[in-house]
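User: I am in my first year and would like a close look at a single part of this protein, with its surroundings explained step by step. Please give the cut-off behind each term when it comes up.

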Amino acid sequence: MAITTTSELQRIAVRPSLTARYFQIEGLAVSLLAKHGFTLLRLSIALCYIWFGALKLVPGASPIEGFIFEAMGFLPLAFLYPLLAVWEIAVGVGFLTNKFPRVTIFLMLMQMGGAMSPLILRPDLIFTTFPAYTLVGQYIVKDFILVAAALVLFVGVRGGLTDGEKAR
């Protein structure tokens with residue numbers, strides 16, 4: 001098919017290539033994430049903490065309950081387990097409301113210290129044979145991602161990242 005008019009030629013000349021379209025869409029996504037990424041990350045952590053904490057308030061509802069009682073049996077868990085549930089919900093509400101972000105992140109990191117302690121205290125419950133880990137081990141290893149997410153949020157609280165900076 002031959003191009004016969006100048007307007008057809010101009011239309012083809014200004015039509016963006018597939019690569020140009022991709023970069024336009026990518027630019028839009030980056031812009032949206034720069035504007036809303038911290039909020040999305042904060043609300044995602046809030047959801048996890050409120051959900052996991054609420055499950056701990058219902059006896060037998062949390063899939064990690066038996067593991068906690070086995071791994072931390074040396075602690076007074078009849079008292080501490082419900083306290084842990086409330087602590088997790090409080091952390092979730094802190095992320096949800098974003099009222100006291102430094103305190104919320106500090107409380108989360110303290111809780112994570114306890115959540116990850118079986119890696120040292122009871123590795124027999126975490127690893128089948130190193131480096132392969134059990135399902136519960138996977139549950140604990142994913143906590144590294146939550147900690148990293150909290151640290152990224154802390155940088156945002158401190159004003160360390162701005163829209164003009166590029167993540168490296």
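Analyst: What follows looks at the last helix and then at the parts around it.

This is a predicted model, in which local features need pLDDT of at least 70 and side-chain atom pairs count only at pLDDT 80 or more, while totals for chains, interfaces and linings use all residues. Residues are numbered from 1 along each chain as its sequence is written, and side-chain values use heavy atoms, with hydrogens and water left out.

To set the scene, the protein has nine helices and two strands, where helices (H or I, at least four residues) and strands (E, at least two) are DSSP runs numbered from the N terminus. Along the sequence these elements follow the pattern α-α-α-α-α-α-α-β-β-α-α. Of the 168 residues in the protein, 23% are buried; buried means under 20% relative accessible area, exposed means over 50%, and partly exposed lies in between, with a 1.4 Å probe and protein chains only. Among contacts between residues at least 6 apart in sequence, 69% join residues at least 24 apart, a contact being heavy atoms within 4.5 Å.

The part chosen here is helix α9, which covers residues 143-157. With 15 residues, α9 reaches 21 Å from its first C-alpha to its last, close to the 21 Å expected at 1.5 Å a residue; the expected span is 1.5 Å times one less than the number of residues. The buried residues of α9 are D143, L146, V147, A149, A150 and L153. They cover an arc of only 160° around the axis, so they lie on the same side of α9, the arc being that of the directions from the helix axis to the C-beta atoms. As background, an α-helix has 3.6 residues a turn, so residues three or four places apart point the same way.

What do these buried residues pack against? The buried residues of α9 pack against α2, α4, α5 and α8. One of the buried residues is D143, which counts as buried because its relative accessibility is 3%. If residues up to four places away in sequence are not counted, D143 touches M112, A115 and M116. At the other end, α9 is followed by G159, whose phi is positive, near 80°.

Among the neighbours of α9, helix α4 has 21 residues and reaches 29 Å from its first C-alpha to its last, close to the 30 Å expected at 1.5 Å a residue. In α4, the buried residues are L77, Y81, A85, E88, V91, G92, G94 and F95, and the buried residues of α4 pack against α2, α3, α5 and α9. The helix α4 is followed by N98, whose phi is positive, near 60°, and N98 is a residue other than glycine. N98 has its place in the loop between α4 and α5, and it counts as partly exposed because its relative accessibility is 37%.

Helix α2 also has a link to F95, since L47 is found in helix α2 and L47 and F95 are 8.8 Å apart in space, C-alpha to C-alpha, while 48 residues apart in sequence. L47 itself is exposed, as its relative accessible area is 52%.

Two further neighbours, α2 and α8, are joined by aromatic rings. The structure holds four aromatic pairs; rings of Phe, Tyr and Trp (its six-membered ring) pair if their centres lie within 6.5 Å, and planes under 30 degrees apart count as stacked, over 60 as edge-to-face and the rest as tilted. One of these pairs is formed by F52 and Y139, and it is tilted, with 5.8 Å centre to centre and 35° between the planes. Because F52 lies in helix α2 (residues 18-57) and Y139 in helix α8 (residues 135-141), the pair ties together parts that are 87 residues apart in sequence. F52 counts as partly exposed at 28% relative accessibility, and Y139 is partly exposed with a relative accessible area of 24%. The charged end of K142 sits over the ring of Y139, 4.4 Å from its centre; this label applies if NZ of Lys or CZ of Arg is within 6 Å of the ring centre and within 35 degrees of the ring normal.

Finally, S117 is in the loop between α5 and α6, and S117 counts as buried at 16% relative accessibility. S117 and I140 are 23 residues apart in sequence and 9.2 Å apart in space, C-alpha to C-alpha.
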